Amino acid sequence: FLAGHYHSYERTCAVYKQQCDPLGTTHIMAGSAGATLDPADLPWDLGHYKEWSIMHAAEFGFLVIETDSDKMRVQRRRTETGSVGDEVVIPRRKFD
């Protein structure tokens, strides 16, 4: 699940019923491309994040997404340097 708007970055593990589960959904919130960053009041900003919230950043960045028939690779890159700040490979799931 990809979303934007909130002016920071967060990625979860694959989550189902608020727990990491390989059959769950990975959530990526990427809203740090240009507007003023706003990490205030996020649970991880206060040091109280859930175990499924595995990556968060309050710095400018953007996503690079590559897909093929078996997987989707998502990289979060830092705007200033282009270096990779986070990366996840999400395998394709086949449903009957």
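This text walks through the fold, one sheet, the core and the salt bridges of the structure above.

The model is predicted. Start with the overall make-up. The protein has zero helices and eight strands. Read along the sequence, the pattern is therefore strand after strand, β-β-β-β-β-β-β-β. The chain counts 96 residues, and 26% of them are buried. About 6,500 Å² of the protein is exposed. Carbon and sulfur atoms supply 53% of that area. Contacts across the sequence can be sorted by separation. Take those between residues at least 6 apart: 43% of them join residues at least 24 apart.

Now turn to one sheet. Three strands build it, in the order β6-β7-β8. The sheet is open, and its pairing is antiparallel. β6 covers residues 61–67 and β8 covers residues 84–91. Each of these two stands at an edge with a single partner strand, so one side of each has no neighbour in the sheet. From one strand to the next, the twist averages 15 degrees.

Look at the pairings in turn. β7 runs over residues 71–78 and pairs with β6 through seven bridges, in the antiparallel sense. Here Phe 62 stands opposite Arg 77 of β7. β7 is also joined to β8 by seven bridges, again antiparallel. One bridge pair there is Arg 73 with Val 89 of β8. β7 and β8 make a hairpin, with five residues between the two strands. Gly 82 lies in the turn and has a positive phi of about 80 degrees.

Next comes the interior. In soluble globular proteins, nonpolar side chains tend to be buried together. The largest nonpolar core of this model has six residues. They are Tyr 9, Ile 28, Ala 57, Val 74, Val 88 and Ile 90. What does Ile 90 touch, leaving aside residues up to four places away in sequence? The contacts are Thr 26, Lys 71 and Met 72.

Lys 71 leads on to the charged pairs. The protein has six salt bridges. In one of them, Lys 71 meets Asp 68, with the closest N and O atoms 2.7 Å apart. Lys 71 has a relative accessibility of 32%, so it counts as partly exposed. Asp 68 is also partly exposed, at 43%.

Arg 73, already met as the bridge partner of Val 89, forms a salt bridge with Glu 66. Their closest N and O atoms are 4.0 Å apart. Are these two residues buried, or partly exposed? Arg 73 is partly exposed, with a relative accessible area of 27%. Glu 66 is partly exposed as well, with 47%.

A further salt bridge links the side chains of Arg 78 and Glu 59, at 3.1 Å from N to O. This pair ties together distant parts of the chain, 19 residues apart. Arg 78 sits in strand β7, while Glu 59 lies in the loop between β5 (53–57) and β6. Arg 78 has 28% relative accessibility and counts as partly exposed. Glu 59 counts as partly exposed too, at 30%. Shared partners extend this link: salt bridges join Glu 59, Arg 76 and Arg 78 into one network.

Terms used
Residues are numbered from 1 along each chain as its sequence is written. This is a predicted model: local features need pLDDT of at least 70, side-chain atom pairs count only at pLDDT 80 or more; totals for chains, interfaces and linings use all residues. Side-chain values use heavy atoms; hydrogens and water are left out. Two strands pair if DSSP finds at least two bridges between them. Helices (H or I, at least four residues) and strands (E, at least two) are DSSP runs, numbered from the N terminus. Axes are lines fitted to C-alpha atoms, for helices over the stretch in contact, and angles run from 0 to 180 degrees between N-to-C directions. Buried means under 20% relative accessible area, exposed over 50%, partly exposed in between (1.4 Å probe, protein chains only). Contact means heavy atoms within 4.5 Å. Accessible areas come from the Shrake-Rupley method with a 1.4 Å probe; for residues, only the protein chains shown count as cover. A nonpolar core is a set of buried Ala, Val, Leu, Ile, Met, Phe, Trp, Tyr and Cys residues joined through side-chain atoms within 4.5 Å.
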